[in-house]
Amino acid sequence: MDVAEIMRGTGDEPHGGSAPAPNPGSTVAGHGDVASPVPGGTSDVRRVLLVWDAPNLDMGLGAILGGRPTAAYRPRFDALGRWLLARSAELSVGSVHRVEAEATVFTNIAPGTADVVRPWVEALRNVGYAVFAKPKIDEDSDVDSDMLAHIELRRRGAGLAGIMVASADGQAFREPLEEIAAAGVPVQVLGFREHASWAVTSDILEFIDLEDIPGVFREPLPRVSLDSLPEEGAWLQPFRPLSALLASRPAQGVA
């Protein structure tokens with residue numbers, strides 16, 4: 001499998017997708033890791049920041065599909081990158097600052113999966129996306145806090161011209177994003193409308209369904225929601241295997 005196959009969603013990587021190779025003078029990438037400032041960053045640059053919550057979106061896509069996505073249903077990061085660059089160009093109009101796009105994919109690496117995930121990670125990096133990878137040791141090894149730290153670092157550094165967060169996790173992101181939006185920064189939440197009602201119904205946040213971004217999916221997703229059930233009914237797959245309850249905290253449960 002080569003880089004082009006992985007990034008166009010035709011390989012067999014677990015997350016799939018791609019970003020376009022940046023044009024000269026533009027950036028679809030992170031600069032360094034989430035704990036480091038942008039090398040060479042200056043006060044006349046504003047970032048249009050995209051952060052992608054891979055574990056959360058993988059779970060949401062799996063719930064829609066009822067299993068692991070095939071190549072036709074893996075998100076294409078090249079299309080997402082082109083959309084981000086176009087959005088950055090829009091936000092640069094009339095700005096007194098130089099506006100640059102930056103995108104980072106945040107992911108967990110479960111024990112024993114490094115060799116499987118490595119081609120996807122390297123392909124993302126090769127074409128301009130930064131990747132923050134964290135070992136999946138236990139339930140608390142998620143990347144939410146790392147995403148929030150990265151957003152705050154960029155916000156308090158050169159500053160933000162806009163931000164897009166691809167995640168359905170309202171518990172982690174709703175309050176911080178509403179605070180950023182209230183400060184006058186354009187904020188967009190990307191995801192699947194079935195799983196992000198907190199963003200869909202928000203008066204201050206703009207929600208964009210990933211399937212509405214041109215080219216992100218090769219084929220229409222087989223989406224069924226409680227608001228659009230067929231007459232014959234539909235199966236709604238679990239978000240996680242039942243066996244996950246064995247590792248859950250005692251206080252967790254369904255009323």
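This is a short group-meeting talk on a sheet, two helices and two residues of one structure.

Hi everyone, thanks for having me. One thing before we start: what you see is a predicted model.

Let's begin with the sheet. In what order do its strands lie? Reading across, they go β3-β2-β1-β4-β5-β6, six strands in an open sheet with parallel pairing. At the edges sit β3, residues 130-135, and β6, and each of these pairs on one side only. On average, neighbouring strands here are turned by 20 degrees against each other, if we ignore direction.

Now pick out β1, residues 45-53, and β2, residues 98-109. They run parallel, and nine bridges join them. If you want one bridge to find on your screen, go to V51, whose partner in β2 is T104. There is also a helix lying against this sheet: α5, residues 144-156, packs on it and touches β1, β2, β3 and β4. The direction of α5 makes about 175 degrees with that of β1.

Next, helix α4, residues 114-127. Here is a sum you can follow along with: at 1.5 Å a residue, its 14 residues should span 20 Å, and the end C-alpha atoms are indeed 20 Å apart, so the two agree. Which residues of α4 are buried? They are V117, W120, V121, A123, L124 and V127. These buried residues cover an arc of only 160 degrees around the axis, so they sit on the same side of α4. A handy rule goes with this: an α-helix has 3.6 residues a turn, so residues three or four places apart point the same way. Turn to the other side of α4 and you meet D115, R125 and N126, which are exposed. Right after the helix comes G128, with a positive phi near 125 degrees.

Finally, two residues to compare. D209 belongs to strand β6. Is D209 buried or exposed? Its relative accessible area is 3%, under the 20% cut-off, so D209 counts as buried. Its side chain makes a polar contact of 2.7 Å with the side chain of R223. Beyond its close sequence neighbours, within four places, D209 also touches G191, F192 and R193.

P220 comes in the segment after β6. With 59% relative accessibility, P220 is over the 50% cut-off and therefore counts as exposed. Setting aside neighbours within four places in sequence, P220 is in contact with Y73 and E211. Y73 is 147 residues away from P220 in sequence, yet their C-alpha atoms are 7.9 Å apart in space.

That's my tour, and I'm happy to take questions!

Notes: Residues numbered from 1 in each chain as written. Predicted model: local features only at pLDDT ≥ 70, side-chain atom pairs only at ≥ 80, totals over all residues. Heavy atoms only, no water. Helix = DSSP H or I, 4+ residues; strand = E, 2+ residues; numbered from the N terminus. Buried < 20%, exposed > 50% of the residue type's maximum accessible area, 1.4 Å probe, protein only. Contact = heavy atoms within 4.5 Å. Pairing = 2+ DSSP bridges. Axes fitted to C-alpha atoms, helices over the stretch in contact; angles between N-to-C directions. Expected span 1.5 Å × (residues − 1). Arc of directions from axis to C-beta. Polar contact = N/O pair within 3.5 Å; in protein donor to acceptor, adjacent residues only side chain to side chain.
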